[in-house]
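Open the model in your viewer and keep the selection tool at hand. This tour goes stop by stop: what to select, then what is there.

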Amino acid sequence: MKTIKGPAIFLAQFAGDAAPFDSLASIARWAAGHGYKGVQIPSWDARLFDLARAAESKTYCDEVQGILSEAGVALTELSTHLQGQLVAVHPAYDLAFDGFAAPQVRGNPKARQEWAAQQLRLAAKASRKLGLSAHATFSGALAWPFIYPWPQRPAGLVETAFEELGKRWRPILDAFDEAGVDLCYELHPGEDLHDGITFEMFLEQVGNHPRCNILYDPSHFLLQQLDYLSFIDIYHQRIRIFHVKDAEFNPSGRQGVYSGFQPWAQRAGRFRSLGDGQIDFGAIFSKLTQHDFDGWAVLEWECCIKDSEQGAAEGAPFIASHLINVAARAFDDFAASGIDLAANRALLGIG
């Protein structure tokens, strides 16, 4: 077994225009000051990172690594969550997601999709130059508006959506394969890949591609009422990235999983700072360690109640307290009697 690395933090929810969140050097020092040993960088945030430059320049990538090293943190992964979302967008969401794209492709869904796919290809190249082994993203969605089977879906609708999704992602997965990097989809409501079944449907469409993998975030599973521990047993061979995010689900006589269009603070299911929710992280870290996950434990902070600075300060010690130093020897070695083939055969009665 292997020991999970950490604690680390995803910088997307903290980046801003004010110090120390407005540059990579200052936000890296801030993270290190809270006890984090790694950072996951949102590739779309120009205040922290230049994706196009990283894809082409090893010198720039070395500079990024140098900045982080000087601050005392490592780079865990890059993220293209926002760009990945734009690889597949149902027309109902065109306006809502257009702001994720570069200004020159907004209002043009075809150009926006092509731009998003190119962003992913740049991320593959950048990840290779940075010496990374995994990358975080979203799948986008064509079928999500039809998540509830009413009105009755036309036969073949979902199959057609996943076939198209596979066609769009297959060349991107090939680019990541060429770069030697695993592409990890965060299974997330709002994406066509949001649970184990939909991941399997997609995996079939991309020919069980070896680079098609999973970013495991139990918070999204709790809110769906999916067994997030059994998920690890089933899919551990595809889990390459781990977001440590807490959540709670408190249904009532008035609302359940769908939460009645309420804002986050009034929803039955809501994200919480680490330790404030219901997720059994002790069991999660045990299962991931048992299954030889050797990636980073990365805090993704989201909470509708607690301040982000407090959440970040509490997150590092919380993760650190759950890291398991794997056993170097069996706990009952003191009672070992050594190997004696003749004695073993005698004990079994086989002479």
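Helices here are DSSP runs of H or I with at least four residues, numbered from the N terminus. The model is a predicted one.

**Stop 1: helix 6**

Select residues 109–129, which are helix 6. How far apart should its ends be? At 1.5 Å a residue, its 21 residues should span 30 Å, and the end C-alpha atoms are indeed 30 Å apart. Now step just past the helix. Gly 131 has a positive phi there, about 75°.

Colour the helix by burial. Its buried residues include Trp 115, Gln 119, Leu 120 and Leu 122. Several alanines are buried too, among them Ala 111, Ala 116, Ala 117 and Ala 123. Arg 112 and Ser 127 are also on the buried list.

**Stop 2: two salt bridges from helix 6**

Side chains of opposite charge can pair when their charged atoms come close. Show Arg 112 and Asp 98. Their side chains form a salt bridge, 2.9 Å from N to O. This pair links distant parts of the chain: Arg 112 is in helix 6, Asp 98 is in helix 5 (residues 94–98), and their positions lie 14 residues apart in the numbering. Are the partners buried or exposed? Arg 112 has a relative accessible area of 3%, so it counts as buried. Asp 98 is buried as well, at 13%.

Next, show Lys 110 and Glu 114. They also meet in a salt bridge, at 2.6 Å from N to O. Both sit in helix 6, 4 residues apart, so about one helical turn separates them. An α-helix has 3.6 residues a turn, so residues three or four places apart point the same way. Lys 110 is exposed, with 56% relative accessible area. Glu 114 is partly exposed, at 44%.

**Stop 3: helix 7**

Select residues 157–179. The 23 residues of helix 7 should span 33 Å at 1.5 Å a residue, and the end C-alpha atoms are 34 Å apart, which agrees. Where is the kink in helix 7? Go to Trp 169: a kink of about 35° lies there, shortly before Pro 171.

Trp 169 is one of the buried residues of this helix. Others on that list include Phe 162, Leu 165, Arg 168, Ile 172, Leu 173 and Phe 176. What do the buried residues pack against? The helices are helix 4 (81–85), helix 6 and helix 8 (196–205). The strands are strand 4 (134–137), strand 5 (182–186) and strand 6 (212–216). Finish at Gly 180, which follows helix 7 and has a positive phi near 75°.

**Stop 4: a nonpolar patch**

Turn on the surface. Select Ile 147, Tyr 148, Trp 150, Val 257 and Tyr 258. They make a nonpolar surface patch of about 650 Å². Pick out Trp 150, in the loop between strand 4 and helix 7. Its relative accessibility is 69%, so Trp 150 counts as exposed; the cut-off is over 50%.

**Stop 5: Pro 7**

Jump to strand 1, residues 5–10, and select Pro 7. Buried or exposed? Pro 7 is buried, with 4% relative accessible area. Show its contacts, leaving out neighbours within four places in sequence. They include Gly 35, Tyr 36, Lys 37 and Gly 38. Trp 296, Ala 297, Ala 316, Ile 319, Ala 320 and Leu 323 are also in contact with Pro 7. For a distance check, use Glu 77: its C-alpha atom is 13 Å from that of Pro 7, with the two 70 residues apart along the chain.

**Stop 6: around Lys 245**

Select Ser 219 in helix 9, residues 218–224. Ser 219 is buried, at 0% relative accessible area. Beyond its neighbours within four places in sequence, Ser 219 touches Lys 245, Asp 246, Ala 247, Phe 271 and Ile 279.

Stay on Lys 245 and add Asp 217. The two form a salt bridge, with the closest N and O atoms 3.9 Å apart. Asp 217 lies in the loop between strand 6 and helix 9, and Lys 245 in the loop between strand 7 (239–244) and strand 8 (246–249), so the pair ties together parts 28 residues apart in sequence. Asp 217 is buried at 0%. Lys 245 is buried at 1%.

**Stop 7: a salt-bridge network**

How many salt bridges are there? The count comes to 23. To end, select Glu 248, Arg 270, Arg 272, Asp 276, Lys 306 and Glu 314. A network of salt bridges links them.

Notes. Residues numbered from 1 in each chain as written. Predicted model: local features only at pLDDT ≥ 70, side-chain atom pairs only at ≥ 80, totals over all residues. Heavy atoms only, no water. Expected span 1.5 Å × (residues − 1). Bend = angle between axes of the 7 residues up to and from the residue. Buried < 20%, exposed > 50% of the residue type's maximum accessible area, 1.4 Å probe, protein only. Contact = heavy atoms within 4.5 Å. Patch = residues over 30% accessible without salt bridge, like charges linked within 9 Å, V, L, I, M, F, W, Y side chains within 5 Å. Areas by Shrake-Rupley, 256 points an atom, 1.4 Å probe, with all protein chains shown as cover. Salt bridge = Lys/Arg side-chain N within 4 Å of Asp/Glu carboxyl O.
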